[in-house]
Amino acid sequence: MAEKIPTTMTAIEITEPGGPLVLKPGKRGVPEPKPGELLVQVRAAGVNRPDVLQRQGHYPPPAGASDIPGLEIAGDVIAVGEGVTRFRIGERVTALVAGGGYAQYCVVHETNALPIPAGYGFIEAAAIPETYFTVWHNVFERGGLQSGETFLVHGGSSGIGTTAIQLAKAFGATVITTAGSDEKCQACLKLGADHAINYRNEDFVEAVKEATGGKGVNLILDMVGGDYTGRNYEAAALDGRIVQIAFLNGAKATADISKLMVKRLTHTGSTLRNRLVEFKAGIARELELKVWPLLVERRVAPVIDMVYPLHEAWRAHERIEDGHHIGKIVLDVS
């Protein structure tokens with residue numbers, strides 16, 4: 001490892017399970033890249049709801065992953081492990097990691113890193129990996145969204161939602177979304193959604209049926225769970241698909257499964273953090289081939305809500321928990 005690399009770094013630690021204030025800066029050793037890995041000097045790190053769950057004690061990191069929170073980073077490659085062939089020292093990358101993002105240095109397998117798209121700075125680049133990997137896999141690979149289909153994404157103003165709206169539109173779908181205020185609905189429409197439903201004063205099932213002439217939607221991306229489960233079955237079209245990626249309203253639900261049978265629905269789901277490096281590498285290849293050109297052309301782009309310095313990670317968590325954000329929250333590590 002090069003002499004200029006320090007032996008210790010500042011990282012945000014979860015001192016105990018609890019509220020945002022349990023996030024405190026601490027000193028950790030700088031990790032060394034193993035074979036196939038990059039050591040990245042982190043310039044910015046994305047903040048995501050799984051980080052909040054980890055802080056609360058509900059989402060422990062996978063075996064072998066850092067206990068430091070943070071699932072996406074952008075920065076400079078400053079050292080490489082044995083066998084690395086794709087990236088060289090000095091190159092700028094954005095990467096999906098299983099943990100360790102809220103720190104000055106982070107390691108990642110080279111196959112889970114991608115070059116920062118031309119024209120993007122570190123802040124924007126750090127807001128790409130977690131949502132774009134998640135949306136690509138769950139909407140296009142698992143959900144099988146096709147051009148000409150109708151797509152419903154709940155929580156359209158979230159990081160996942162803003163990404164899903166843009167990608168679905170870019171690939172030819174009609175997009176319907178739900179959001180919790182008129183302001184958020186307007187933001188979704190501005191991003192390209194065809195219909196935005198304020199779930200606080202509209203029944204999304206009825207609104208979806210009206211928007212689709214009673215047919216329902218072909219694909220639903222749901223991060224709400226709970227009582228949305230049965231309502232999603234109502235809103236889905238014949239042979240519709242529902243992909244579950246979170247359950248903010250609870251993991252248990254009561255639903256009329258006869259709808260599942262009569263409509264021939266498919267209800268699936270997935271998590272990404274604990275998947276193998278090789279699996280995430282496959283998503284990375286697809287993104288670089290099919291989505292990176294759209295990012296460069298700005299046909300799609302991350303929506304940045306707020307940026308906080310690393311030592312104020314607790315404020316970023318307060319922001320994501322208060323529910324007022326539109327798009328992504330990022331930590332400036334530079």
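Biologist: Which residues gather in a patch of negative charge on the surface?

Modeller: Happy to start there, with the reminder that this is a predicted model. A patch takes in residues with over 30% relative accessible area and no salt bridge. The negative patch on the surface here is formed by Asp-182, Glu-202, Glu-206 and Glu-210.

Biologist: Let's take Glu-210 from that group. Is Glu-210 buried or exposed?

Modeller: Glu-210 sits in helix α6, which covers residues 204–211. The cut-off for exposed is over 50% relative accessible area. With a relative accessibility of 70%, Glu-210 therefore counts as exposed.

Biologist: Now to helix α1. Which residues of α1 are buried?

Modeller: Helix α1 spans residues 49–56. To be buried, a residue needs under 20% relative accessible area. In α1 the buried residues are Pro-50, Asp-51, Val-52, Gln-54 and Arg-55.

Biologist: Good. What covers the buried residues of α1?

Modeller: Both strands and helices take part in the cover. Among the strands are β1 (8–14) and β2 (23–29). The cover also includes β3 (37–47), along with the helices α3 (129–142) and α11 (313–322).

Biologist: And which residue with a positive phi follows α1?

Modeller: Phi is near 90 degrees at the residue that follows the helix. That residue is Gly-57.

Biologist: Arg-49 is in α1 too. Which residues does Arg-49 touch, leaving out those up to four places away in sequence?

Modeller: Arg-49 belongs to helix α1 and, at 29% relative accessibility, counts as partly exposed. In space, its C-alpha is 9.4 Å from that of Gly-159, although 110 residues separate the two in sequence. Beyond its sequence neighbours, Arg-49 touches Leu-248, Ile-320 and His-325.

Biologist: What about Pro-61: with which residues is Pro-61 in contact, leaving aside neighbours within four places in sequence?

Modeller: Pro-61 is in the loop between α1 and β4 (72–80), and its 26% relative accessibility makes it partly exposed. Pro-61 and Val-205 are 144 residues apart in sequence, with their C-alpha atoms 36 Å apart. Its contacts outside the sequence neighbourhood are Gln-54, Ser-66, Asp-67 and Arg-273.

Biologist: Let's turn to charge pairs. How many salt bridges does a search of the whole structure find?

Modeller: Side chains of opposite charge can pair when their charged atoms come close. The cut-off is a side-chain nitrogen of Lys or Arg within 4 Å of a carboxyl oxygen of Asp or Glu. Searching the whole structure gives a number of salt bridges equal to 16.

Biologist: Which residue forms a salt bridge with Arg-28 at 3.0 Å?

Modeller: The closest N and O atoms of the pair are 3.0 Å apart. Arg-28 is in strand β2, while its partner is in the loop between α1 and β4, 39 residues apart, linking distant parts of the chain. Arg-28 is partly exposed at 24% relative accessibility, and its partner is partly exposed at 40%. The partner is Asp-67.

Biologist: Which residues are linked with Arg-28 in a network of salt bridges?

Modeller: We have already met the bridge between Arg-28 and Asp-67. The network adds Glu-13 to these two. So, cut-off in hand (N to O within 4 Å), the residues networked with Arg-28 are Glu-13 and Asp-67.

Biologist: Where are Glu-234 and Lys-259, whose side chains meet in a salt bridge?

Modeller: Their N to O distance is 3.8 Å. The pair links distant parts of the chain, 25 residues apart: Glu-234 is in helix α7 (residues 228–235) and Lys-259 is in helix α8. With relative accessible area of 28%, Glu-234 is partly exposed; Lys-259, at 27%, is partly exposed as well. The places asked for are α7 for Glu-234 and α8 for Lys-259.

Biologist: Last one. What is the distance between the closest N and O atoms in the salt bridge of Asp-239 with Arg-264?

Modeller: Asp-239 is in strand β12 and Arg-264 in the loop between α8 and β13, so the bridge ties together parts 25 residues apart in sequence. Phi is positive in Asp-239, near 65 degrees, and positive in Arg-264, near 60 degrees. Asp-239 is partly exposed at 42% relative accessible area, and Arg-264 is partly exposed at 47%. The closest N and O atoms of the pair are apart by 2.9 Å.

Key. Residues are numbered from 1 along each chain as its sequence is written. This is a predicted model: local features need pLDDT of at least 70, side-chain atom pairs count only at pLDDT 80 or more; totals for chains, interfaces and linings use all residues. Side-chain values use heavy atoms; hydrogens and water are left out. Patches are made of residues with over 30% relative accessible area and no salt bridge: like charges are joined within 9 Å, nonpolar side chains (Val, Leu, Ile, Met, Phe, Trp, Tyr) within 5 Å. Accessible areas come from the Shrake-Rupley method with a 1.4 Å probe; for residues, only the protein chains shown count as cover. Lys and Arg count as positive and Asp and Glu as negative; His and the chain ends are not counted. The place of a charge is taken as NZ of Lys, CZ of Arg, CG of Asp or CD of Glu. Helices (H or I, at least four residues) and strands (E, at least two) are DSSP runs, numbered from the N terminus. Buried means under 20% relative accessible area, exposed over 50%, partly exposed in between (1.4 Å probe, protein chains only). Contact means heavy atoms within 4.5 Å.
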